[in-house]
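Q: I would like a close look at one part of this model, followed outward into the rest of the chain. Please keep it brisk.

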Amino acid sequence: MANAKVAESLAKKFSTEKVSAYEKWVKREGLDIIAGHYIPNLHTVELKPWARREGYGVYINHEASRTSNDCYVCEIPEGGKLAPQRQLYEEMIYVLNGKGSTTVWNDDGKKITFEWSKGALFAIPINAWHQHFNGSGLERARFLAVTNAPIIVNTFDDPEFIFNTPYDFKDRFNGEPDYFSNEGEQKGLLLETNFVADAIKLQLIHAKERGAGGGHIRFNLAKGSMNSHISEFPVATYKKGHRHGPGAHVIILSGEGYSLMWPEGSDPKKYDWKEGSMVVPPNMWYHQHFNTGKTPARYLALKYEGVAFRNEQGVPKAWISQRLGGDQIDYADESQIVRDTFVNELARNGLQPRMDDAYEKELEDLPPLPEKK
């Protein structure tokens, strides 16, 4: 069974190990953890005062992801700023609402400031001092961040060390004046950059391997070890189902539709989304994204690849057909219920599927079914 529930007598033997150092730290911060893998609207999720940061916040983290990376939503007060901070973990930030600026500096005193607005994506260099400012006196600025704090907090369990260690990682950040310019170096699908001014409008690269003729781009932000990518797919199409490790926070940037998510051997569950929604597939759950709106659908995925599910060539197994031993379901092998559900959901918006071309193109490179043993 998917839940793998055991007798209470066995559970009690492990009860002292249930709450991690990371969870205790979040509680001391005075914040809640929303233990869900689906948030209908990040713009309206309720926040609490965050005294140490001098703002408002909430953590959103599914139990199956909490040991690898985390996610939080934070607001900066009207005309205000957050308290300065440095940390021995990595952090990627996506701006949900508002406009403002961020100042980053190191112990050598090298300081730079850059501006951001809704749709911006950037990363904080590890252990660099930084401070966020709200550029509006009328409304709060809200951002979402994904970090690998759980690993660091659970390892050291010492906030003083994590937030107050004086050390500059100069290979990561050395006060370069153009560090947060809206530029970067494209290497295949990977864009090495530190700042994307508008992730909603960023030009993508065609990636037929994900299906439906969509676009894709991957990021390495601030020379960090965390992963992020953007995918977009056309009207009345859907991506191929796949699975991977924990911690992928999928934020909808534009469009409307739904996702199916399911552990192996279980029936899929449906999660409707629009701009501002987020789904977080638990560890090795299959998931599949469907565009039922009248515009292209685009999402941003932020995660930490603690365990690399890749083949010997370095290709993520989530991009490789299950027929070849990977973790992606070919259209030819998906359940009929997937297509029937899609037809019905499109009909609600007066649309019909535009998948015939994707089905046909897949056949050109479709691996043969493995022989049954």
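Where is the place of D168, between which helix and which strand?

A: The model is predicted. D168 sits in a loop, with α4 (159-163) before the loop and β12 (185-187) after it. A loop position leaves a question open: is D168 buried or exposed? D168 is buried, because its relative accessibility is 14% and the cut-off for buried is under 20%.

Now the partners of D168. Setting aside residues within four places in sequence, D168 contacts R86, N106, D107 and D108. One of these contacts is polar: the D168 side chain reaches the backbone nitrogen of D107 at 3.0 Å.

N106 deserves its own look. It lies in the loop that links β7 (99-105) to β8 (111-117). N106 is buried, with a relative accessible area of 4%. Its side chain makes polar contacts with backbone nitrogens inside that stretch. A polar atom of the N106 side chain lies 3.1 Å from the backbone nitrogen of D108. The N106 side chain also reaches the backbone nitrogen of K110, again at 3.1 Å. Beyond four places in sequence, N106 touches D168, F173, N174 and G175. D168 is therefore a buried residue in touch with the β7-β8 loop residue N106.

Step back to the domains. The protein chain divides into domain 1 (19-164) and domain 2 (189-364). Their C-alpha centres lie 26 Å apart. Domain 1 gives 34 residues to the contact, and domain 2 gives 37. Together the domains bury about 2,900 Å² between them. Of that area, 66% is on carbon and sulfur atoms. Three residues stand out on the domain 1 side. H37, M92 and L121 supply 25% of the area that domain 1 buries against domain 2, more than any other three residues.

Next, the nonpolar packing. The largest nonpolar core has 66 residues. Within it, L42, V73, W116, L144, I251 and M278 touch the most other members. Where does this core lie relative to domain 1 and domain 2? It lies between them, because each of the two domains gives residues to it. A second, separate core holds 18 residues, including V235, A236, A358 and Y359.

L144 shows the packing around one core member. Leaving out its neighbours within four places, L144 contacts L42, C71, Y72, V73, M92, I93, Y94, L96, I251, M278 and L302. Among these are L42, V73, I251 and M278, which are also listed with L144 as touching the most other core members. M92 appears here too, and M92 is one of the three residues named for domain 1 burial.

C71 is another L144 contact. What is the state of its sulfur? A search of the whole structure finds 0 disulfides. C71 is in none, and the nearest cysteine sulfur, in C74, is 12 Å away. Seen from C74, the closest cysteine sulfur is in C71, and at 12 Å it is too far for a bond, because a disulfide needs sulfur atoms within 2.5 Å. The relative accessible area of C71 is 0%, so this residue is buried. C74 is also buried, at 0% relative accessibility.

Y56 leads back to C74 from another side. Y56 is found in strand β4 (residues 55-60). It is partly exposed, with a relative accessible area of 23%. Excluding residues up to four places away, Y56 touches L47, K48, P49, W50, V73, C74, E75, P77 and R140. The R140 contact has a polar component: a 3.4 Å polar contact joins the two side chains. V73 and Y56 are 17 residues apart along the chain, and their C-alpha atoms are separated by 8.2 Å.

Finally, some backbone angles to check. A222 is not a glycine, yet its phi is positive, at about 55°. A222 is placed in the loop between β16 (215-221) and β17 (226-233). At 3% relative accessibility, A222 is buried. M284 is another non-glycine residue with a positive phi, near 60°. Its loop runs between β21 (278-279) and β22 (286-291). M284 is partly exposed, with a relative accessible area of 21%.

Note on methods: Residues are numbered from 1 along each chain as its sequence is written. This is a predicted model: local features need pLDDT of at least 70, side-chain atom pairs count only at pLDDT 80 or more; totals for chains, interfaces and linings use all residues. Side-chain values use heavy atoms; hydrogens and water are left out. A nonpolar core is a set of buried Ala, Val, Leu, Ile, Met, Phe, Trp, Tyr and Cys residues joined through side-chain atoms within 4.5 Å. Buried means under 20% relative accessible area, exposed over 50%, partly exposed in between (1.4 Å probe, protein chains only). Domain bounds come from an automatic or database domain assignment. Contact means heavy atoms within 4.5 Å. Helices (H or I, at least four residues) and strands (E, at least two) are DSSP runs, numbered from the N terminus. A polar contact is a pair of N or O atoms within 3.5 Å; within protein, one must be able to donate a hydrogen and the other to accept it, and residues adjacent in sequence count only if both atoms are side-chain atoms. Buried area is the accessible area (1.4 Å probe) that two parts lose on being put together, summed over both.
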